[in-house]
Structures are given as C-alpha cells and as structure tokens.
Amino acid sequence: MATSKKKQSADLKTFDVDALWALARIGAPSLSPDGAQAVVPVTRHDMEKNKGATSLWLLSTLGGEARPLTSAGEKDGQPCWSPTGDAIAFVARREQEGDKDEAPQLYVIPPDGGEARRVTKLPFGVESFKWFPDGKRLAFVSWVDPGLKGQAAQAERRKADKDRKDSAYVTEEGFYRFWDHSLPMNRVPHLHVIDLASGEVRDLFEGTGFELSRAEPDADTFDISPDGRRIVFSFDPYTPKTLEHRNALAEIDVRSGRAQVLLHEPGWDLVAPVYSHAGHHIAFIATHQGLKHTMPRQLAVLDTHGNWAVLSEEWDQDVTAPLRWDEDDLGVLFCAEDQGRRHLYRFDVKTLHAFPLCEGGHVGAFALEAGTLVVLHDSASFPPQVSVVDREGDAEEQVLHRIESFNDAALATLRFGEVEELWYEGALGELVQMWLYHPPGFDPKQKTKVPLMQLIHGGPHTAMGDSWHWRWNHQAMASQGYVVACVNYHGSSSFGNRFADSITGRWGELELQDVEIATDLLLKQPWADPERVFATGGSYGGYMVAWMNGHVPAGRYQAYICHAGCFDWTAMFANDAYLWHAKELGTAYWKDPAKVAAQSPIGYAQHFNTPTLVIHGQLDYRVPDAQGLAYYNTLKAQGVDARLVWFPDENHWVMKPRNSKLWYGEFFDWLKRHDTAGAKGGAKPAKATKAAVKAGVKTGAKAGAKKKRA
C-alpha cells in the first residue's frame, strides 16, 4: 500500500544542529592523471567526543562505490595525486611505531592501498605542497628561522621554543597576528624541496630575503614549471611586511637556487601564479590596489619576455584562486561569483570572453585531468557533493553526474524548506538581491502568521548566495519556523565593482536602507507577523545589528543577535587588519575622528533599546572580543536586556561541535524568549511599517534551479 506524501513528510525529521554536525564534510578533489579516479578528504564529527576526524576516500569518475584510502590519521588533508599516478601525497599528524608528529608532516600512500609513508620529519612541520612533474619530488612550505642554516639548526630552534619558561610574544613587526593566531615569532614561510627517494630536503630560500605570504602561504602562492626546473611564487617585496596585499612575482631556479623578480608593479597585488602546459606563459591574479582597495581581482598573463597584460579588464567580476590552464593552453579555468552564485568559468585568452563550464549554486573547487572535469559543489538546499561535469553541448545545459553519496542516507530523513531569490528596489533606487529561506511545508499564501528573521552577512564585501553554510546554516534556522531573509546589501560582492565600492566612507548608511526596505516589503506579505521580527548578524552583520540598535526605532525588531560584531572603529585598531580601516571608512581615526565616530555604533549608544544577545570568541583577532564585551557592557549599563555568550576557545567562528550546539541553543532560546506574540498564539494581521520607499518585489528562481533573470 503506497504511503501518502503527507505521511512521508510527517516521517521526516527537523533539520537541526545535531543533524548538521552528523553530515560528512567533503573537501576539494584531486584527480588521477588519467581522470579515472578522484581522491577527497571527508571529515566526520563526533558530538559526544567533541572532535572530528578526516580520512581520504577514492571515487571513481566512471561510476562505482567510494572506497576508503586512509583511516589512521586524525586530519588527513590536502590530498594530491602524483603526476605519474602511483602515489597520493597528503598532510597529516600521525603516530607511526610510537613516533607521534608534533607538527603536520607530508605523507605518501599508493592509490591501491597500503600503509602511508611519512616523508618529512621537519621541526616546524609542513603547511602546503605541490608535486614536481616527474613525480619524484615535492615542493612544500615550512616556517623556519631565516637566520639559521640547515635542518639541524632549525631543530635546535624548535627545541628552544619548547623549553621556553617565559611566554611573552615580542615583536617589532607591523604584521604579527592573523585571524586567530600569532604569527610564529621570528620565523617566516620558506619554499622547500624534498627528494622522495633520498629524503633529502633543501630550503630554496635559505640565505635569501625571499619568503611567501605570512598570511596564507598555501599551494596557490607558487607553481612548478612543466620541466621542473623553475618555481614561480608571489611575495611581499616591501619592508616591513604588512597585510596590505601588494605582492610581486618572482621565479627561482631549483638547481642553482638563484631567484629573480619577474614582475613588480607598485600599487598592484600579483598572486596565484600558474604556468601554462607549454611553459611559455604564467597566468596570475592582478588587483590594482593602488587605484582603490575595492578594485576587482583580474586575470592577467605574463610571457617569457617579461610582457604582461590584464585579460579580464572588461569583465566586472572577481577572479578567485586557484587558476588552471585548460589542456590546450587557450583558456584559463577559475571560479567567480555572479549575483549571489559561484560558477566555474573558462576564460578564453584569445577572445577575452568568459563562459561558464559549471553553474552554481556554489562551485567550491574543481579538478581537470585527461578531459575529465570534476567539481565540488553545493547549494542552499544541499551540502557539498562531488560530480563529474559533462562538457558536451551548450554550457547552459551542463549535466552533473554525482560520484559519491556520503550524505544521501542522512539527507533523505530530513525536511527542508524551499529557498527563493527575490529582487527589489533598494537604496539609491537600485535593484538589490534577497534570498528567502522558508520553513518546511511553508505556504506563502497561508493565513497563519510566522516570524521573520533578517540574517545579515559579514564582510561587508561578501554575499549571501545559493550555497550551503556549515556555521550559520540557513536551513537549520528556517526549520525552527522562521522565514529567514538574507539581503545582499550595497557593498556586497558579485554585483560589480561600483556596487561593492558604493559604501566606502559611509558604512551603515546604504546597508541599513536595503535591510529596512526589505523588512517593509516582507511585512506586507500575508504570512508576516509585525510583532515577531528579529535581526541577526555576524562580523560585519554583527556591526549592522549594533548599528540598527542605535538607528531603528524601538519595537521595529523584537530582539537582535550580534555575533563577533564590530562596535567601535577606533578600538578596532587592535585587530589584525587595522591598515584596511582608513580605506573602508574614508580616513584614519586620528585624521578625522568625527568621520570615523559617525560610522561606529558606539557613537549612537544613547539610542540603544532593543534586547540583544552578544556572542564572541576570545581567539578572534579579526574582531577582537573587546568589541563584543564593550557592546554588552554598554547595553547592561543602560538597562537594556542583554545576554553574553563568550567562548574562551573559539575564534571568529564557532568550530567545535559542542560549542556549536550550545551556540544554536542560545540563539534560538533568545529569539523564543522575546517572541512574546508567538507565545500568545500570534498577532493581528500584518501591516507594513514605515516603508523607506515604495518598491516592488521581483521574484527569481528557487535555489538549486537554473536562474531566471529578474
């Protein structure tokens, strides 16, 4: 007897924090040279043990079951197939024969199984790596003391660090911390080469003044030439080092160790270099930071004669690393955002035209070998999954063939709401995009009133999109009965450079108009309850809810939630990116304190009146926790209802399973506590409140489907 759809739906579970953490998290794929197999890292978390473990899995691009490759390590990451196909290298911390890694090391394992072999035993571990084309050597990044020579001396330095009895961090550097960690004291990231047969390790930068980016010295900062003789890399040519993002390109001869600067253009940031297959050109990302800090990242190419050119100058989108030359060297592959979605593009270097190879949703990573193209992709309605892209036919009709099913069984037991893309007339009379996440089973024509939550994104130069979020999961929030609105306000990325730059020097102004217009429009809908409206946000979104608390009349929103929010731009100079503030705010606080104060929520503290949950982590160096504490203390001092959740072991995000569960619990408990109308069984029919402008809502596609232009 067939089960009705209603019964089937009733049997499904609510998607909550436990269901979120029970899902497998798949990382970027690497393909075998023949394109027949992919290797991916898969992380699973244990809520009771409060930890995760990452193992490597092999996937067939031709069909078949996934099979595990590793299981012994805690975090087997960054898997990469050798060019010869006989080994897979990865970074891990493991224990072998009683010898436990103190820092992540390089391992290699045969793809047909067997025991992984540790190939480095470096005092300070391995950060990232790439294979040489011969499959016999690896280039990798390790942080070293630049004043020492040889691994023995580095090992002595490591021992001295461990034996320290004092704990002070002492520096004269202007760039000394990043996101959630202090940069290694008196150490810098160097490029090394290891010969797998002999185990010999060479520091290519030893005795030179070169180093890789101190911020994120990943595998995108360098590339190895097709003949294996040279390595191109990006580096900061200035002293002292800063987080200014103005890198140059250099190249080093692997055998002799001689290095030369290939391209240094003052004002330009040149990163993510990659050789063409023929070795005659280097593609890289160029950003004219000297012109304006919000300038887009563009595709550029350098030839062997030192000539270079920006190729994507007429294309108003941000190019993101990694870059990958197509197999014919006539195009370059990369991912880029476009109106809240992230696609994989091929940029034709002859016609200077970009066209999508795979449209999101959100394409997070890709790999191309022997004509086989594999993507890691997700959407607002499903977590990251791995698929082969059928490149035949029109790009608008691409076919994705799933090659794994890690989460299928779990997802089949869960209920999800529909996601809708909307466009409306926002600030400056310009169209603004908004995503609506509906509760499961929601009917937009229903008479029963439901609460509205504004979820404001960070950045500000990022965007909410048709993508899956592991930390602030929109589906998990909507599943609690809220219609969740995500506005891509002025300043958001993926809508062109002018839109992103429009808020410079006047933070809070246009963004607030966009959010408030959206709230007015939504309150006109038959389902909306004007007495059950909330606003939440993290990072810049946290700044926005603090800003709203000083600018929006009491009663408009029943409660706010401020996660890692910016509160005082003068005190924010304690963060790791303090040199960006003057660019974004239009001035330094010591030059025009009134202009900076006018863009700080702290300057409007006398108007705070809405109950606020403040959440912050002590290890947050991008928005130091003193920002959250000062905001919380200000609310309490004025008698405004407030609650503080402070994590001593979390950074800008909440990364540990048990802390995340507590975070979601506090989040929803706070909203329910101030949902007095909901507790009474609803409110009167919704009425729009003081719309900033009269604006119509234009409806786009539901997430996960092909986009229809508004």
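By class, which residues make up the lining of the largest cavity? The lining has four nonpolar, two polar and one charged residues. This answer, like the results below, rests on a predicted model.

The cavity search covered the whole structure. Four cavities of 30 Å³ or more were found. The largest holds about 60 Å³ of space. Its lining consists of Arg471, Trp472, His563, Trp653, Val654, Ser660 and Trp663. Arg471 is the charged member of this lining, since Arg counts as charged. Tryptophan appears at positions 472, 653 and 663.

The second largest cavity has a volume of about 40 Å³. Ile26, Pro383, Pro384, Gln385, Arg402, Glu404, Phe406, Asn407, Asp408 and Leu411 form its lining. By class, five of these residues are nonpolar, two are polar and three are charged. Two elements each supply at least two residues of this lining: strand S33 (382-390) and helix H4 (408-411). S33 gives the largest share, with three residues.

Attention now turns to the nonpolar cores. The largest nonpolar core has 54 residues. Within this core, Met434 and Met548 have the most contacts. A second core, of 39 residues, is separate. Phe15, Ala559, Val645 and Leu671 are among its members.

The surroundings of Met548 were examined further. Neighbours within four places in sequence were set aside. Met548 is then in contact with Ile456, Leu512, Val515, Glu516, Ala535, Tyr557 and Tyr560. One of these partners, Ile456, falls within strand S38, which spans residues 450-456. Another, Ala535, falls within strand S40, which spans residues 528-538.

Strand S38 is mostly covered. Seven of its seven residues are buried, so each has under 20% relative accessible area. S38 pairs with two strands, S40 and S39. Six bridges join S38 to S40, and the two run parallel. In this pairing, Leu455 stands opposite Thr536 of S40. Three bridges link S38 to strand S39 (residues 483-488), again in the parallel sense. Here Leu452 stands opposite Val483 of S39.

Taken together, S38 is a buried strand with parallel pairings to S40 and S39. Its residue Ile456 is in contact with Met548, one of the two residues with the most contacts inside the largest nonpolar core.

Technical notes: Residues are numbered from 1 along each chain as its sequence is written. This is a predicted model: local features need pLDDT of at least 70, side-chain atom pairs count only at pLDDT 80 or more; totals for chains, interfaces and linings use all residues. Side-chain values use heavy atoms; hydrogens and water are left out. On a 1 Å grid over the protein atoms alone, a cavity is a set of points where a 1.4 Å probe fits but cannot get out, and a pocket is an open set with protein on both sides within 12 Å along at least five of seven lines; lining residues have an atom within 4 Å of a point. Grid points are joined across faces, edges and corners, and a volume is the space filled by probe spheres set on the points. Helices (H or I, at least four residues) and strands (E, at least two) are DSSP runs, numbered from the N terminus. A nonpolar core is a set of buried Ala, Val, Leu, Ile, Met, Phe, Trp, Tyr and Cys residues joined through side-chain atoms within 4.5 Å. Buried means under 20% relative accessible area, exposed over 50%, partly exposed in between (1.4 Å probe, protein chains only). Contact means heavy atoms within 4.5 Å. Two strands pair if DSSP finds at least two bridges between them.
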